[in-house]
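Open the model in your viewer and keep the selection tool at hand. The stops below go one by one, each with something to pick and something to look for.

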Amino acid sequence: MSKNCPGFFEGTEMPTAGWWDALWPDPAGVVAEAGIKPGMDVIDLCSGDGWFTLPIAMVADHVLAIDIDPNMLNVARRRLAENGVANCDFAAGDAYDLAVLAAGPVDFVFMANAFHGVPDRPRLAAIVSATLKPGGYFAIVNWHTRPREETIVLGEPRGPRTDLRLSPDQTIKAVEAGGLSVCLGTY
Ligand SMILES: C[S@@+](CC[C@H](N)C(=O)[O-])C[C@H]1O[C@@H](n2cnc3c(N)ncnc32)[C@H](O)[C@@H]1O
């Protein structure tokens, strides 16, 4: 699946296996730092091959992995099954259709390495907001705004084009415009 697929967020292709593990050697640590806790009902939005879905499912009560690419969901499904994790459902679809894809309001929406490609970020933030229980959280993991040629992983520049990368300020403005309020490190 690629940018030629209608609705596909620009610059969010799942990388070839190998360097993602090198870039994110501790996905469970990222999930913990984001604030995902036992008992939570979580959506992993744009979940890709499940690199973060697995550690989320190992902590949370339940996780719904959503991705526009059914092939990615199959890889994720296999990853979780191989690890004996069964508290995860999978839904193929566009993140903008979250309201339809989610069974009901959740405690937490986690989105890693995809928000930069969303064409209308306030719109997505508003959709996420409507999917959260009162007091729920939306965590966004983004690439730094460093030039792409400086983000070397396994010997090569990697990640989205420099002009697609978002600063924390740009991210905060986008989610605030979608009706969410920002709490940094206070959950
Ligand atoms: C760079 S990958 C990141 C996957 C995962 N979040 C991670 O960090 O390991 C981005 C994912 O977003 C998915 N994606 C792109 N556009 C989407 C859309 N409109 N709705 C849902 N998923 C989308 C892609 O298929 C891809 O699997």
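Select Phe-138 first. In this predicted model, is Phe-138 buried or exposed? Its relative accessible area is 16%. The cut-off for buried is under 20%, so Phe-138 counts as buried. The residue sits in strand β5.

Now show what surrounds Phe-138. Setting aside residues up to four places away in sequence, Phe-138 touches Val-109, Met-111, Phe-115, Ala-125, Val-128, Leu-132, Val-175 and Leu-180. Pick Val-128 from that list. Val-128 and Phe-138 are 10 residues apart in sequence. Their C-alpha atoms are 7.3 Å apart in space.

**The largest pocket**

Stay with β5 and colour the whole strand, residues 132–141. Which element gives the largest share of the lining of the largest pocket? That is β5, with seven residues. Three further elements give two or more residues each: α2 (27–34), β4 (106–112) and α7 (168–177).

The volume of this pocket is about 1,200 Å³. Its lining has 35 residues. To find the centre, select Ala-139, Ile-140, Val-141, Asn-142 and Leu-184, the lining residues that lie nearest to it. Then colour the lining by class. You should get 22 nonpolar, 10 polar and three charged residues.

Pause on Leu-184. It lies in the segment after α7. Leu-184 counts as exposed, because its relative accessible area is 65% and the cut-off for exposed is over 50%. Draw a distance from Leu-184 to Gly-48, C-alpha to C-alpha: it reads 26 Å. In sequence, Leu-184 and Gly-48 are 136 residues apart.

**The second largest pocket**

Next, select Gly-11, Thr-12, Glu-13, Met-14 and Asn-113. Of the 39 residues that line the second largest pocket, these lie nearest its centre. The volume here is about 680 Å³. Highlight α1 (19–23) and β2 (62–67) as well; each supplies at least two residues of the lining. How does this lining divide by class? It has 19 nonpolar, 10 polar and 10 charged residues.

**The nonpolar cores**

Hide the pockets and turn to the side chains. The largest nonpolar core has 30 residues. Select Ile-36, Val-42, Phe-52, Ile-56, Phe-108 and Phe-110, which have the most contacts inside this core. The elements that give two or more residues to the core are α1, α2, α3 (53–59), β2, α4 (70–82), β3 (88–92), β4 and β5.

Zoom in on Ile-36. Which residues is Ile-36 in contact with, leaving aside neighbours within four places in sequence? They are Val-31, Val-42, Ile-56, Val-59, Ala-60, Phe-108 and Phe-110.

Apart from the largest core lies another, of 26 residues. Leu-64, Ala-102, Val-106 and Leu-166 are among them.

**The cysteines**

Select the cysteines now. How many disulfides does the structure hold? Zero. Cys-88 is in no disulfide; the nearest cysteine sulfur belongs to Cys-46, 14 Å away. Cys-88 is buried, at a relative accessible area of 9%. Cys-183 is partly exposed, at 33%.

**Two positive phi angles**

Keep Cys-46 selected and check its backbone. Most residues other than glycine have a negative phi. Cys-46 is not a glycine, yet its phi is positive, about 60 degrees. You will find Cys-46 in the loop between β1 (41–45) and α3.

Now jump to Leu-154. This residue is no glycine either, and its phi is positive too, about 50 degrees. Leu-154 lies in the loop between β6 (152–153) and β7. Is Leu-154 buried or exposed? It counts as exposed, at 60% relative accessibility.

**Last stop**

Move along to Glu-156. Glu-156 is found in strand β7, residues 156–157. At 44% relative accessibility, Glu-156 is partly exposed. Finish with one more distance, from Glu-156 to Asp-169. Their C-alpha atoms are 28 Å apart in space. In sequence, Glu-156 and Asp-169 are 13 residues apart.

Terms used:
Residues numbered from 1 in each chain as written. Predicted model: local features only at pLDDT ≥ 70, side-chain atom pairs only at ≥ 80, totals over all residues. Heavy atoms only, no water. Disulfide = S-S within 2.5 Å. Buried < 20%, exposed > 50% of the residue type's maximum accessible area, 1.4 Å probe, protein only. 1 Å grid on protein atoms, 1.4 Å probe; cavity = no way out; pocket = protein on both sides within 12 Å on 5 of 7 lines; lining within 4 Å. Points joined across faces, edges and corners; volume = space filled by probe spheres on them. Helix = DSSP H or I, 4+ residues; strand = E, 2+ residues; numbered from the N terminus. Nonpolar A, V, L, I, M, F, W, Y, C, P; charged D, E, K, R; others polar. Core = buried A, V, L, I, M, F, W, Y, C linked by side-chain atoms within 4.5 Å. Contact = heavy atoms within 4.5 Å.
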